[in-house]
Amino acid sequence: MAEDVREAAAIGVAMAVVGASFGAVAEAKGVSLLLIMAMSLLVFAGSAQFLAVGVMAAGGAPIAAVLGGLLVNARHLPYGLAVGDAVGRSWPRRLLGTHLMVDQAVATATSRTDPKRARRAYWLVGGTLFVLWNVGTLLGAVAGGAVPDPDRLGVDAAFPAALLAMILPALRAAGDARRVALLGSVLALLATPWLPPGLPVLIALFGLAVAGRPARAGA
């Protein structure tokens with residue numbers, strides 16, 4: 001139990017910081033406090049929230065932001081299969097547990113071999129992250145409103161920095177992920193001068209074409 005609490009606390013503090021970054025930058029981009037908090041409470045998906053606000057702040061269509069968020073969160077489909085037992089069997093538990101299904105909660109639960117420990121770790125980490133993410137978002141949004149020009153402080157770099165931090169573990173762990181990220185980045189950069197804001201992010205998804213392919217010798 002103590003190990004689960006320590007792990008949840010450590011991850012939660014980190015998520016609170018990222019949540020504060022999201023709140024501050026979203027406020028700086030003109031998103032209302034009500035919408036910022038609604039996203040964190042109802043969506044509760046850091047990468048999708050950063051993507052949606054970034055696309056809309058760049059002038060992209062709302063549909064591009066929504067589609068991008070849905071595609072980013074498509075990984076939750078296999079997540080549900082992996083942690084179904086930890087979430088629970090009753091419909092109320094499944095609905096609430098699905099809302100708390102973030103990467104860290106899934107990773108912590110699947111690392112526990114005992115079903116009881118897996119269930120406890122899932123709910124402890126997921127619940128802790130939900131609370132601290134929303135607290136961080138609120139503090140960041142309120143503090144961001146007190147800063148005259150957040151871009152002068154470099155706050156505008158928080159979107160790409162936070163997204164990069166989220167994918168770095170996967171890039172270090174798998175060559176397959178590096179190939180996908182590299183091709184997706186190249187495609188997005190090539191498409192940027194020609195397509196409306198928001199669409200290059202979706203074009204980057206074609207980087208998945210190299211998923212599962214062995215790296216060439218010497219790569």
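Helix H1 (residues 2–28) and helix H2 (residues 33–43) pack against each other at an angle of about 145°, and their axes are 10 Å apart. Those two numbers are the usual way in: two packed helices are described by the angle between their axes and the distance between the axes. Keep in mind that you're looking at a predicted model.

**How H1 meets H2**
- The crossing of H1 and H2 is right-handed.
- On the H1 side, the contact is made by Phe22, Gly23, Ala26 and Glu27, while H2 brings in Ile36, Met39 and Ser40.
- Sort the residues of this contact by type and you get 4 nonpolar, 2 polar and 1 charged.

**The two sides of H2**
- Ile36, Met37, Met39 and Ser40 are the buried residues to look for in H2.
- They cover an arc of only 150° around the axis, which puts them on the same side of H2.
- Here's the general idea behind that: an α-helix has 3.6 residues a turn, so residues three or four places apart point the same way.
- Now flip the helix over: Leu34 and Leu42 are exposed, on the face of H2 turned away from its buried side.
- Just after H2 comes Phe44, which has a positive phi, near 45°.

**H8, another helix with a buried face**
- In helix H8 (residues 103–110), you'll find Ala105, Val106, Thr108 and Ala109 buried.
- Looking down the axis of H8, these buried residues fall within an arc of 165°, so they line one face of the helix.

**Ile203, down in H12**
- Ile203 sits in helix H12 (residues 199–203).
- Its relative accessible area is 27%, so Ile203 counts as partly exposed, since that label covers what lies between the buried cut-off (under 20%) and the exposed one (over 50%).
- Skip the neighbours within four places in sequence, and Ile203 is in contact with Leu187, Ala191 and Leu195.
- Take Leu187: it is 16 residues from Ile203 along the chain, and their C-alpha atoms are separated by 6.5 Å.

**The whole chain**
- The protein chain has 12 helices and 0 strands, so to speak an α pattern from start to finish: α-α-α-α-α-α-α-α-α-α-α-α.
- Out of its 219 residues, 34% count as buried.
- If you take the contacts with a separation of 6 or more, 71% of them join residues 24 or more positions apart.
- The protein chain exposes about 12,400 Å², with carbon and sulfur atoms supplying 72% of that area.

Notes. Residues numbered from 1 in each chain as written. Predicted model: local features only at pLDDT ≥ 70, side-chain atom pairs only at ≥ 80, totals over all residues. Heavy atoms only, no water. Helix = DSSP H or I, 4+ residues; strand = E, 2+ residues; numbered from the N terminus. Buried < 20%, exposed > 50% of the residue type's maximum accessible area, 1.4 Å probe, protein only. Contact = heavy atoms within 4.5 Å. Areas by Shrake-Rupley, 256 points an atom, 1.4 Å probe, with all protein chains shown as cover. Arc of directions from axis to C-beta. Axes fitted to C-alpha atoms, helices over the stretch in contact; angles between N-to-C directions. Left-handed = near helix turned anticlockwise from the far one by under 90°. Nonpolar A, V, L, I, M, F, W, Y, C, P; charged D, E, K, R; others polar.
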